[in-house]
Amino acid sequence: MDTSLLAIILLVVGLGMGALLVGTRYLGELRRIARFLRGRDPQSNARVTAGGAPGVTDLADAVNAELDRSAQAHIEALRHQQEFQRDLSALSHDIRTPLMGAKGYLQLARDEGDPAQRARHLDAAAARIDTTTELLDQLFAYTKSTDPDLALKMEPVALKPFVEEILLGQYPAFEERGWEPQVTFEDATATLEADREALARILTNLVVNALRHGSSAPSIFQRTENGRVLLGISNTVEDPTAIDPDRLFDRFYQADSARGAKGSGLGLSVAANLARAMGMKLSAELTGNTLTITLG
């Protein structure tokens with residue numbers, strides 16, 4: 001046999017044997033990794049170790065990175081679940097309190113012989129039932145605002161008459177406090193591309209928030225920045241140190257930090273969710289004792 005031919009045959013055989021050995025080695029490493037993943041405790045911090053086969057280190061690093069992401073997602077899910085359970089417990093307390101009050105006043109009314117006093121007890125019971133209804137309404141609104149399939153009908157909305165309509169709806173509350181809101185528009189013809197129902201909920205929640213927690217009549221303003229129409233509301237607050245602007249739009253923020261205050265702590269969160277659904281954003285800024293919330 002020709003010597004060169006024999007060398008070629010030996011080379012081919014050698015390469016084949018080498019490829020077989022490398023393939024066997026890779027197969028062994030892959031099986032080892034598969035066994036590790038199948039038998040790994042989900043709560044364990046164990047990670048894939050790299051074998052000696054070329055390229056296995058990259059595979060091990062990729063698997064470990066995915067395990068780390070999965071573990072972090074699990075931790076975040078547990079944290080959100082704990083926060084939700086805590087917040088739900090707080091809301092449950094807020095709902096039970098007026099209901100128990102209503103029950104007490106109804107008991108007093110039942111045992112009361114004086115018609116005038118009985119009427120006062122019944123009015124007090126009705127007021128507490130109204131508070132419970134409002135809390136449930138806010139909870140429903142929050143659930144709806146977080147729906148990824150929320151249907152929105154976007155259209156140009158003339159802001160000035162829209163704002164005036166919202167303020168008119170809150171006239172009794174303003175009259176009760178002796179407040180007159182100030183409305184300032186940079187452009188009286190300004191419009192905003194929005195869903196009318198969602199925008200009405202946002203503005204109503206912002207105005208109600210100012211009425212409940214402000215210490216003076218709010219100012220509603222419109223201005224344009226970089227071609228973008230902005231709508232905002234400012235009001236003074238009695239204790240600015242009690243407000244965290246970074247958490248103002250968090251779910252149940254008020255219920256978590258101000259047990260004695262009115263409301264569910266969901267109003268501003270609902271507003272922020274609806275703004276986000278329309279491609280907008282709510283931002284809050286506290287300057288001295290003035291809180292300003294801007295939609296844009």
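In this predicted model, Thr-287 sits opposite Thr-290 of strand S7. The two belong to a stretch where S6 and S7 pair antiparallel over six bridges. The S6–S7 hairpin has two residues between its strands, and Gly-288 there takes a positive phi near 65°.

S7 has a second partner as well: S5 runs antiparallel to S7, with six bridges joining them. One of the pairs here puts Ser-234 across from Thr-292 in S7. Not much of S7 is left open, with five of its six residues buried.

Here are the two strand pairings side by side:

| Strands | Sense | Bridges |
|---|---|---|
| S5 and S7 | antiparallel | six |
| S6 and S7 | antiparallel | six |

Now for helix H8, residues 267-277. Why is H8 largely enclosed by the rest of the structure? It comes down to burial: nine of its 11 residues are buried, so the rest of the structure largely encloses the helix. The buried set runs through Gly-267, Leu-268, Ser-269, Val-270, Ala-271, Ala-272, Asn-273, Leu-274 and Ala-275. Their cover includes helices H3 and H6 along with strands S6 and S7. Just after H8, Gly-279 takes a positive phi of about 80°.

What about empty space? There's one cavity of 30 Å³ or more, and the largest cavity holds about 90 Å³. Its lining is made up of Val-163, Ile-166, Leu-203, Leu-206, Val-207, Ile-220, Leu-231, Gly-232 and Ile-233. Helix H4 (159-169), helix H6 (196-213) and strand S5 (228-236) each give two or more residues to that lining. Chemically, the lining comes out as eight nonpolar residues, one polar and no charged.

Methods. Residues numbered from 1 in each chain as written. Predicted model: local features only at pLDDT ≥ 70, side-chain atom pairs only at ≥ 80, totals over all residues. Heavy atoms only, no water. 1 Å grid on protein atoms, 1.4 Å probe; cavity = no way out; pocket = protein on both sides within 12 Å on 5 of 7 lines; lining within 4 Å. Points joined across faces, edges and corners; volume = space filled by probe spheres on them. Helix = DSSP H or I, 4+ residues; strand = E, 2+ residues; numbered from the N terminus. Nonpolar A, V, L, I, M, F, W, Y, C, P; charged D, E, K, R; others polar. Buried < 20%, exposed > 50% of the residue type's maximum accessible area, 1.4 Å probe, protein only. Contact = heavy atoms within 4.5 Å. Pairing = 2+ DSSP bridges.
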